[in-house]
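Visitor: Please take a close look at one part of this model, the surface that meets a nucleic acid strand.

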2 protein chains.
Amino acid sequence: MTEINDITNSNAANQFILYWGDMGNQWGVNRSVAQIHALLYLSSKPLNAEQIAESLGIARSNVSNSLKELVGWRLIRRVPVPGDRREHYEAEVDVWEMGIRIAQGRKEREIDPATQALRACVAQAQTESGLDPTALRRMQDMQEFLATADTWFRDMLTVPRPKLVMLMKLGTKVVSLLNLAGGKKSK
Amino acid sequence: MTEINDITNSNAANQFILYWGDMGNQWGVNRSVAQIHALLYLSSKPLNAEQIAESLGIARSNVSNSLKELVGWRLIRRVPVPGDRREHYEAEVDVWEMGIRIAQGRKEREIDPATQALRACVAQAQTESGLDPTALRRMQDMQEFLATADTWFRDMLTVPRPKLVMLMKLGTKVVSLLNLAGGKKSK
DNA sequence: CCTCAATTTCTCTTATATCGGAAACAACAG
DNA sequence: CTGTTGTTTCCGATATAAGAGAAATTGAGG
């Protein structure tokens, strides 16, 4: 235990892992999952399940499940280490890529199904004569909003990373630049 | 019970409320809270706690707490109904406004504290001689990313709603327009 | 085809969050 | 001041999720 180079020897690193776990927790992500992710993110070399379990003091089985989930989110990947039979894992370390993958994952798993469900609701609502027209209207508004957001998000995914970064750093300036270019505030 | 105009008489409306509750649940929002929000969103007139409890079949106390939380998120507001002693509530019905408030709320409650914690971690990390330089680097990257995202988000909040909508609807076009206008990919 | 390490699945315990109901509290009318 | 109505706080029961450890499975040498 406590190998050389085990980053959990560092207070700062431990803090980081702790906070990350906590934060994940609030966002509906299992704490172990988030902690493992943090650990791998900080680690300069791939780790195997055993090392992870030991570093974080959580059960081996728990690690196994959590790793599977993280792979599913494409936040970490398996890496074969030559001469070692054990499976090793490393994290995606580009923070932008990471942010995008998390957003993408949530969208796919949680928003998309909801959008679909909403579509069904609206369809159903249109057949109901008794329904308050306001309610119908609201459902449609929501649907349209989600559709717009969805399109926007997918659009943004196609933007090459460096441009995306530039775009975000521009911030408000984007609007003024476009005003010059686009002019009209056409709906 | 089952008053005229109670939208929970509608299947579609009930479906909507159900799904909304479910979705909220996955996002770490209490189901009751989400359901109440959905109900108020669909309702064409303000409702009081009693009506909500009855419509959704949940305890009065639960409604009370959930309402408080929703008010905290500024997703609903109290409205005095003349001639009625009871407190009534109505939802923000502009979907864009709603989306923004949810995002804002999450940011304030969950990201901002994390950012602050991260700052402390990095500070601490810099004092630790033993820490793997890669780990330090990664923490700093993360911090910078969060800072950028934070600035961007605050920027977007200052953009008047109609322009924001326009901006999102433009999607990818924004990039090409900017290339023509801005040219250089200056940092 | 056997052995052994590594991993995954399963089950049970424990922790956490949700929610209903009782009780306390506040506002107000008479 | 007192009774009534509406609201909030508190507490206990219950549902749900997390996590540990044992058991089962896989797969690579030999």
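Guide: What follows describes the surface near DNA strand C. This is a predicted model, in which local features need pLDDT of at least 70 and side-chain atom pairs count only at pLDDT 80 or more, while totals for chains, interfaces and linings use all residues. Residues are numbered from 1 along each chain as its sequence is written, chains are lettered from A and ligands numbered from 1 in the order in which they are written, and side-chain values use heavy atoms, with hydrogens and water left out.

DNA strand C is surrounded by 18 residues (near means that a heavy atom of the residue lies within 4 Å of the strand). The closest are A:Lys68, A:Glu87, B:Asn30, B:Ser32 and B:Ala59. Of the strand atoms that come within 4 Å of the protein, 69% belong to sugar and phosphate.

By class, the surface has 8 charged, 8 polar and 2 nonpolar residues (Asp, Glu, Lys and Arg are charged; Ala, Val, Leu, Ile, Met, Phe, Trp, Tyr, Cys and Pro nonpolar; the others, Gly among them, polar).

Three helices (DSSP runs of H or I, at least four residues, numbered from the N terminus) each supply at least two residues: helix 4 (60-72) of chain A, and helix 2 (31-42) and helix 4 (60-72) of chain B. Helix 4 of chain A gives the most, 5 residues.

Polar contacts are pairs of N or O atoms within 3.5 Å. A side-chain N or O atom of B:Ser32 is 2.6 Å from a phosphate oxygen of the strand, and for A:Ser64 the distance to a phosphate oxygen is 2.9 Å. B:Arg85 instead places a polar side-chain atom 3.4 Å from a base nitrogen.

Notes. Polar contact = N/O pair within 3.5 Å; in protein donor to acceptor, adjacent residues only side chain to side chain.
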